[in-house]
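I opened this entry to keep track of what I looked up, and in what order. The notes go from the core outward.

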Amino acid sequence: MRSNTCEYCGRQCNIEPHHVFLRGSGGGDIKENLIQLCSKCHINTHAGRMPNKEECISIIGKREHLYAGEVYRINRKAMGYEVGENKKET
């Protein structure tokens with residue numbers, strides 16, 4: 001998963017891992033919760049600008065060959081929440 005390319009803007013530079021579901025809220029260090037961002041995109045994400053949580057989940061889903069709903073459920077389960085059956089969602 002580690003590369004020196006931002007998964008949002010595609011810029012080649014030093015990247016920073018971003019937790020989509022923040023560690024302080026129970027988000028884990030699992031590949032379905034981490035996206036590699038350049039400094040600019042990482043700062044923008046924490047400031048509430050692009051990429052937002054839904055975009056990050058979509059990018060992770062494409063990378064991991066999962067539907068966005070599956071990425072969300074994997075994270076919720078990892079955070080200790082009870083989750084329903086996996087359904088194909090975009």
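**Core**

I started with the largest nonpolar core, which has 13 residues. V20 and I35 have the most contacts inside this core. The model is predicted, so I read every value here as computed from that prediction. Next I asked which elements give two or more residues to this core. They are strand 2 (34–38) and helix 2 (53–64). Helix 2 gives the most, with four residues. As background, I noted that nonpolar side chains tend to be buried together in soluble globular proteins.

I then listed the partners of I35, leaving aside neighbours within four places in sequence. I35 is in contact with E7, E16, P17, H18 and V20. The list for I35 also includes C56, I59, I60 and R63.

**Helix 2 against helix 3**

How do the axes of helix 2 and helix 3 cross? I found that they come within 8 Å and cross at roughly 100°. An angle of 65 to 115 degrees counts as roughly perpendicular, so helix 2 is roughly perpendicular to helix 3.

I looked up the residues that meet there. On the helix 2 side they are I57, I60 and G61. On the helix 3 side they are A68, V71 and Y72. By class, I noted five nonpolar residues, one polar and no charged ones in this contact. I60 appears in my notes twice: it meets helix 3, and it is also in contact with I35.

Which residues of helix 3 are buried? I wrote down G69, E70, V71, R73 and N75. The buried residues of helix 3 pack against helix 2. Helix 3 spans residues 68–78. It is followed by G80, which has a positive phi near 95°.

**Whole chain**

I stepped back to the chain. It has three helices and two strands. From the N terminus on, the order is β-β-α-α-α.

I checked the overall dimensions next. The C-alpha trace spans about 40 × 25 × 20 Å along its principal axes. A compact globule of 90 residues would have a radius of gyration near 12 Å. The chain has 13 Å, which agrees.

Buried residues make up 33% of the 90 residues. I also took the contacts with a separation of 6 or more. Of these, 51% join residues 24 or more positions apart.

**Single residues**

I looked at G10 first in this part. G10 lies in the segment before strand 1 (15–19). Is G10 buried or exposed? Its relative accessible area is 40%, so I logged G10 as partly exposed. I also took the C-alpha to C-alpha separation of G10 and L34. They are 16 Å apart in space and 24 residues apart in sequence.

Then I went to P51, in the loop between helix 1 (39–46) and helix 2. The peptide bond from M50 to P51 is cis, with omega near 0°.

My last stop was H65, in the loop between helix 2 and helix 3. H65 has a positive phi of about 60°, although it is not a glycine. Exposed means over 50% relative accessible area. H65 is at 73%, so it counts as exposed.

Definitions and conventions:
Residues are numbered from 1 along each chain as its sequence is written. This is a predicted model: local features need pLDDT of at least 70, side-chain atom pairs count only at pLDDT 80 or more; totals for chains, interfaces and linings use all residues. Side-chain values use heavy atoms; hydrogens and water are left out. A nonpolar core is a set of buried Ala, Val, Leu, Ile, Met, Phe, Trp, Tyr and Cys residues joined through side-chain atoms within 4.5 Å. Buried means under 20% relative accessible area, exposed over 50%, partly exposed in between (1.4 Å probe, protein chains only). Contact means heavy atoms within 4.5 Å. Axes are lines fitted to C-alpha atoms, for helices over the stretch in contact, and angles run from 0 to 180 degrees between N-to-C directions. Angles under 35 degrees count as roughly parallel, over 145 as roughly antiparallel, 65 to 115 as roughly perpendicular and the rest as oblique. Ala, Val, Leu, Ile, Met, Phe, Trp, Tyr, Cys and Pro count as nonpolar, Asp, Glu, Lys and Arg as charged, and the others, Gly among them, as polar. The radius of gyration is taken over C-alpha atoms; the globule rule is 2.2 Å times the number of residues to the power 0.38.
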